[in-house]
Every structure is written in structure tokens, then in C-alpha cells.
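Hi,

Here is the model we talked about, with the sequence alongside. Could you open it and keep it on screen while you read my notes below?

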Amino acid sequence: MPSPVYFGSARQARLEANESLPAKLDMILDRLHLRDRVKNETVAIKIHTGNNLGYSTVHPVFVRKVVQAVKDGGGKPFVTDISWDVRGAYERGYSTETLGCPVFPTAGPDEKYFYAHPRPFKNIREWKMAGLIQDTTFMINFAHVKGHPSCGFGAAFKNLALGCMIGETRGAMHDAMHFDRYWFAEHCPDAATRQRIAASCPHAAIVEDRDQPGEMHLHFEQCNQCGRCLQVAPPGSLKIDPVNFHSFQEACAISVEQVLSTFAPGKTTHLSLATHMTPVCDCFGFTSMPILPDAGVFGSDDIVAIDRAVLDVTGRMQLIEENLPTSLEVHTRQGHPFRWLHGPYKDPYLVTEYGAQLGLGSCEYELIDVLPVEQIERAPIGYIPAR
Ligand code: SF4
């Protein structure tokens, strides 16, 4: 049976507050029956507070709506993110005063409070999950939708997969991309050829390894799989292979499996705000121009379904190519616009497919618009006299 995904469009029929996105978020919280579900629960509201000068993360107006709903329902809310981002969160507008509840680091100020979950995957033996997340009885996963250099896009899965693990595990998840061998030094003993391979990449994505002479190191985040390096590399020396790229998305799905396994059924829900969508993650510490039009706000109890719905809605939108930084190039025009930017092996849908295989949710969903603009009778603007 398809999972319901509630949706509030960024479009309005009339210029009225009750048609705006925060108002539609309230309607979604009603449809999710959030107030009825949180009585006496300790509720973690997991957001990404961004870093440094970022200003495109979920605005405090939205977070405060969720905090208020939890309080209305008799729950005890706190907002949480990794310590690195929480440290300066008040500078970006996230404080007890603005949100109406405390802001805590997920694993303590030094990320020393965690629970280890054994689950072998490539280079990872155990997943060190943030203590506060595991200790809470209810979690609201509130994500900002944007592109991501490792996997194409970040939203509900990404917010939990990285944001609920400590730094050691986050690093290991990125390292999973290096687990399967891609450089075969025995086929390229010539240093000058290795330099030509590095010089062939306009994104500085492949470099000579500083610590191991003769080895090449691929920065998967920067690689868009254009293939220029393969035209220079001797046969058999270099692989630009989906298996490496896909490892990160599979690791994200496994991480979310670990996180969700600590909650009783019905004790998690997911919200995603698809506005000011930038090419890369909010952890970069700045906000660049949006590359897609604002889509709206989404809510569902099914993490697979919500990411799937976000991708389908944003995938129908036109990439705003004039807003792209000049360092990025579009070299494929197939699939989701985030894939155009980050390359065919970073298909943003993959994480949902891995998630569905792990039984975390359904790729089938029903998108329910909580206030379709077509059903609202248009009205004049009214308060601006036209001459
Ligand atoms: S495939 Fe393209 S982006 Fe990736 S390392 Fe090779 S040249 Fe660089």
C-alpha cells in the first residue's frame, strides 16, 4: 500500500499568511497527528543547523512551529544537531529564545556520548550512534533539501545518516567510497603519466597520494565522472566505478537503519523543506544561489516515501543554470537535476532504493496536497491601491 506523503506547495493563490509555507507545515503536522502522539515523550527535533555563514537551512519560524506542536501535545522537545554545527547555531538564529526549547549537541559537546551498534559494511565494523538520539523516545527528522557532492542530494536520509552518528563514523562512511580498489599502480609506474592524469581533471578530483608514492587518490566529492582522466590513464590503471560512489549511499541507508531501530514503531516522523536548494550540503558553511525553484514542505512517517516524493517533485523542475557556480559543470542531462551536477553515479534516488531493500519504507507513495492552489478562489491583492 502506498505511504501517504503530505505536501504544502510553495505556490500561493492569494497573498495571505494562511497559504504560506509555515501555515502549510501546521496543516501537515495536523495530518500527521503529531500533537496526539507526543504526550510525555522526550522529543528530539533533528535539524541541520548549518555552519558558519549558512542561511538557507530550515528557518527558525518553521522549527518553532514544530516545537510548539510538541508542547501543545504534552511532549518535551529539544532541537539537536552534531556538536560542530550546534556550537555556533545561535549566530544563525537557533537559540532557546527563538525556538522555545533547548538546542543540544547530539552526542555531547565533544561527541563522546554514543552507543556502538555492530554491523559490518566494507570498512565499517560498528556504527557509533549519538547518545541523545538513542535516549529519546520520539524523533522528528526535519531536513532541508539541497544537493550533495557525495550522493547527489541531501534530505531525510542524509539528515539522520550523518547527523545521528559521531564524527568517527561520519568519516568512516565517507571512507567507504575508497574501500573497493580503483587505482592499480602496477599499470602506471611512470611519475610523469601520473602527473598528466592529475592535470587532466578540471576539478582537482584526482591527485597523487601524499603519503604513498605511486598511488593516486580520488576525491569522490569533487568527481563528476566526466571521464577525462580515463583518456590519459594507461589501460588497467584507473577505474571510475559505480561501486565506489554507491558505497556512500548504501552506508547512509544502513546508518538510518541503525538509528530507526532504536525507536518503537510510530515514534518517528519526517519533515522536509524544499526551499533555497543549493548545489552542495549545508555543512559547507555558506549559502550559494538556489539552483531549483522553491518546491514546498513535505511530511510523512515513511522516510523512503518522503525522500522519493521530494525527488519526484523537484525532479520535474527546471535547473536554474545561470545560478550555478562556475566551478560546476553539467555533463549529463539525464535523470534528476542534482544528478546533472554531481554525475551519473551519484543518482539521488539510490539511497531510497537501498532504504527500501532494508525495509525502512516504501518507494510507493500517495502525494496529498494539504492546500491545492487550484482549489482556492482567487482574490484581489486588496491593500495596494492601483492608480
Ligand atoms: S572522472 Fe572527471 S571529475 Fe572525476 S577524477 Fe576523472 S577527470 Fe576528474
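In this predicted model, eight strands come together as an open sheet with mixed pairing, and their order across the sheet is 4-3-2-7-12-13-1-14. Strand 4 (103-105) and strand 14 (365-369) are the edge strands, each with pairing on one side only. On average, neighbouring strands of this sheet are turned by 25 degrees against each other, direction ignored.

If you want a place to start looking, try strand 7 (residues 138-144) and strand 12 (residues 268-274), which pair in the parallel sense over six bridges. Isoleucine 140 has threonine 269, in strand 12, as its bridge partner.

Two helices lie across this part of the model. Helix 1 (residues 21-31) crosses strand 1 (3-9), strand 7, strand 12, strand 13 (296-300) and strand 14, and runs at about 160 degrees to strand 1. Helix 3 (residues 60-72) lies across strand 2 (42-46), strand 3 (76-81), strand 7 and strand 12; its direction is about 150 degrees to that of strand 3. Strand 7 and strand 12 are thus on the list for helix 1 and on the list for helix 3.

Now for the ligand, which I expect you will want to see. The space it takes is the largest cavity. Around the ligand you will find Cys201, His203, Ala205, Ile206, Leu218, Cys223, Asn224, Gln225, Cys226, Gly227, Arg228 and Cys229. Sorted by class, this shell has seven nonpolar residues, four polar ones and one charged one.

Happy browsing, and all the best!

Terms used. Residues numbered from 1 in each chain as written. Predicted model: local features only at pLDDT ≥ 70, side-chain atom pairs only at ≥ 80, totals over all residues. Heavy atoms only, no water. Near = heavy atom within 4 Å. 1 Å grid on protein atoms, 1.4 Å probe; cavity = no way out; pocket = protein on both sides within 12 Å on 5 of 7 lines; lining within 4 Å. Sits in = over half its atoms within 2 Å of the grid points. Nonpolar A, V, L, I, M, F, W, Y, C, P; charged D, E, K, R; others polar. Pairing = 2+ DSSP bridges. Helix = DSSP H or I, 4+ residues; strand = E, 2+ residues; numbered from the N terminus. Axes fitted to C-alpha atoms, helices over the stretch in contact; angles between N-to-C directions. Contact = heavy atoms within 4.5 Å.
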